[in-house]
2 protein chains.
Amino acid sequence: MSVVEILDEILHPKSVAVVGASGSERSWGYSYTTHLLEYGFRGKLYPVNPRYPEILGLKAYPSLLDIPGTVDYVISCVPSNLVLGMLEECGQKQVKAVHLYTARFSETGRKDAADLEQEVLKRARKYNIRLIGPNCMGVYHPGHGMSFGYNLPKEAGTIGMLSQTGGGAALFVRLAGKRGLRFSKVISYGNALDFSEADYLEYFTEDTETTVITVYVEGVRDGHSFFPALRRAARKKPVIVIKGGRGEAGTRAVASHTASLAGSLKTWEAMVTQAGAVSAANFDEMVDLATSFHNLPPIRGAGAGIVGGGGGPSVLAADECEEEGLVVVPLPDEIRKELRDGGIEIWDWVSNPVDVSIIGGFGFTDLDMMRLMGSNENYHILIGRLNENVMFTLSRGDAADMRLKSTIEGYRQLKEEIGKPLLVVVSEDGSGSDQYGDLSGKVVSQARTDLIKAGIPFYPSMGRAARAARKVLDYYLRKDLENGP
Amino acid sequence: MSVVEILDEILHPKSVAVVGASGSERSWGYSYTTHLLEYGFRGKLYPVNPRYPEILGLKAYPSLLDIPGTVDYVISCVPSNLVLGMLEECGQKQVKAVHLYTARFSETGRKDAADLEQEVLKRARKYNIRLIGPNCMGVYHPGHGMSFGYNLPKEAGTIGMLSQTGGGAALFVRLAGKRGLRFSKVISYGNALDFSEADYLEYFTEDTETTVITVYVEGVRDGHSFFPALRRAARKKPVIVIKGGRGEAGTRAVASHTASLAGSLKTWEAMVTQAGAVSAANFDEMVDLATSFHNLPPIRGAGAGIVGGGGGPSVLAADECEEEGLVVVPLPDEIRKELRDGGIEIWDWVSNPVDVSIIGGFGFTDLDMMRLMGSNENYHILIGRLNENVMFTLSRGDAADMRLKSTIEGYRQLKEEIGKPLLVVVSEDGSGSDQYGDLSGKVVSQARTDLIKAGIPFYPSMGRAARAARKVLDYYLRKDLENGP
């Protein structure tokens, strides 16, 4: 069996035992059992703990050996000193894979713990048991009813993730979820004791349920296998990579987190770029990139048409787009001519970015301008802005709500009509405290929901939208170069 | 009278007339009248419009000349071709100041409109009328019942703003409002036809209600007066400056927005730094800086202690702090000794940033670690993280809520006890769409409210917190340098 087949089998267990399951709400054994129940795992589920006859309404078993049927997959929540004994029982039960949530191995920086980790690997190899972890959150696979967190989406999607960090993976799933993204599988693998990063990468490369791969790594066990795997992956689908431990302090932090070797940042960046993958600095940027790849057609040029918002924010929008590597193309003669022929009195005044505060009362709208730009070959990217005084300063809540609704419906139609990448900026205005009326908050939240339904990606700031667009463009430029003319 | 006294009088009118007031909800004449009513303006209020006998329950006057009493301040919402005639009436009524919301002057790029603007200035000078604008939103002065937008805070505060853009100013007030900031006065001045930027700056420098000055400019009419005024201001209080029109596209956009001359960015940046002011790239960063200056004691060193969050996010936190110019100081021997002496088993493993996922069960908490760092001279800045799996992955809503509450109460006590700058990172996780359960959203919103009450500034990402901290540090370093040893 290939590593891809092995991992696919591991990710689809028919029976799961949670060793160290517990009735105490504050324990991870309780959490993992709850997740399997709440996310709809349809196989056999066996809590294991000698101190409980029953956990969460399920019969609990004193040990793995007491379970009547077969066990495909074990989630280990016991302390590290009990792992070797547990693996003996796994061997007898012919368990295929163990997810070691259990931590305190090599990442502690202590020799005895590191030695124990190596013993664990040996013991697993002896019984042909594959390991995920140790020191990790394991698998979030909503399509198969597996989760490692409360408050993550229950529906499946097409974003895949391999992540050395579990906390970061959960954070990313939540942030991405709020932007409408859903996941095929997320594997938090911690110390990567058994499978390597390249193995996981290969899995997602071949996985037909995954269209975009996201990666968080601090250091890779084996660069010689990782970078070729990254290249193969990036040829097949977009791959977004965060490197944790870029500086001195981060490298120190890596040591106590997953004990991996961070290596030189420059070499790393060069290798990632050469492989055709896309670097992200943090999980916020990774969400921006993932929603861009997921929702947009390929970006084929840097020419941006920006529409919406008042004068000052339009000026800053131009600055930030340019600073992030987009070209804010001045309105070409043919568009000015079209405006003039259409009797638009301010044909010579309006410019790109389109300051919507000046176009009112002249018989054309922001969407008309966007349509003109979208139909013009100089514009490869359209960016709409929703977070402006035009909505919340001039209008009260209901009116702003109505205007947002009709603008988004306009975007949706335009997107289908024009077929060019359309990005929308909605500021975080709506979040925040309850210190004063949350009218705009509600409206913005509704706007985001409508944008998700329309399949239009949105970003909390112009700078972040522009940066994502530029990186997506670079991805396709490299891809085209590789494919040749 | 000095320009400061003149402006102070203008900002405290006893009577206001809205010329071009209207009963139509979608008009600015309606909005401005509504604002004066809703924000509690306590002087005389006169809507002027020959077509209405009454507007919003107030008697309306056909012209300024029909108003029985004196008029201190006029808000002009009439089209530009009516302004000269209106100024004649203002002259007869001995109006002191006119805010020209009216636009379509030099910013259109048309000669006749620019000529008209100069005529307007001449006419105003003739009658000794001072002008705010044209092409601007005018004054938001909640303490005096004046506003230029719905949905802005009604309470007054101590942040001041002068802004060439009105839309941006309203956006900034809303964004800052959600972070707990309130304003003394905001002046959106558009084309700066009469008062110069230096005049406004001087006003805020002397204004005792203002503790932090924020500035948005695209170009200044007179650099020779602006930069000395900026220096005087920055010596007295922190001044944060956004420059709009930094690149080619932005400069083009400036032309059609306020027609000011953008000038060289490099020279600009150097002058701002020399003046001792702090540059911000956009309104998001300006909010970060304003809340930092408002809430924090002076920052006197770059050593940062970071506490909270799991392993991966801690690694990235270290990276981002370092990338923004902070020093992530390793735990010094004396702290390790204190931990060991206290019987903390992982005294040699825990590090800075403090990964809270590893300290559970060892008899000390994240707040204990923060207290140790806060009491140590190597740490000048403390940064707490709230947005982690530790809250939302392990715990369900209520439990997460409780933990957030007690953590924030701990921060509050620590802040008072230690007296060092304490910044908290709360991600935007809570905002977003209603696509799935908004439990974390509610909890995060509550956390922000509690942080505001505790006077602790918060930031949506580690990178933004670190960048703000570094700039605040630089401001005080320069100030100390100027003041000498």
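Modeller: Two strands pair if DSSP finds at least two bridges between them, strands being DSSP runs of E with at least two residues and helices runs of H or I with at least four, numbered from the N terminus. This is a predicted model, in which local features need pLDDT of at least 70, side-chain atom pairs need 80 or more, and totals for chains, interfaces and linings use all residues. Residues are numbered from 1 along each chain, chains are lettered from A and ligands numbered from 1 as written, and side-chain values use heavy atoms without hydrogens or water.

Colleague: Which residue of β10(B) stands opposite B:I159?

Modeller: Strand β9 (residues 156–163) of chain B runs parallel to strand β10 (residues 183–188) of chain B, with 5 bridges between them. Opposite B:I159 in β10(B) stands B:F183.

Colleague: And which residue is the bridge partner of B:S163 in β11(B)?

Modeller: β9(B) also pairs with strand β11 (residues 212–217) of chain B, again parallel and through 5 bridges. In β11(B), B:S163 has as its bridge partner B:Y216.

Colleague: Is B:E482 buried, partly exposed or exposed?

Modeller: B:E482 lies in helix α17 (residues 462–483) of chain B. Its relative accessible area is 40%, and since buried means under 20% and exposed over 50% (1.4 Å probe, protein chains only), B:E482 counts as partly exposed.

Colleague: Which residue's side chain is joined to that of B:E482 by a polar contact of 3.0 Å?

Modeller: Beyond four places in sequence, B:E482 touches (heavy atoms within 4.5 Å) B:R231, B:R235 and B:Q274. The polar contact of 3.0 Å (N or O atoms within 3.5 Å, one able to donate a hydrogen and the other to accept it) joins the side chain of B:E482 to that of B:R235.
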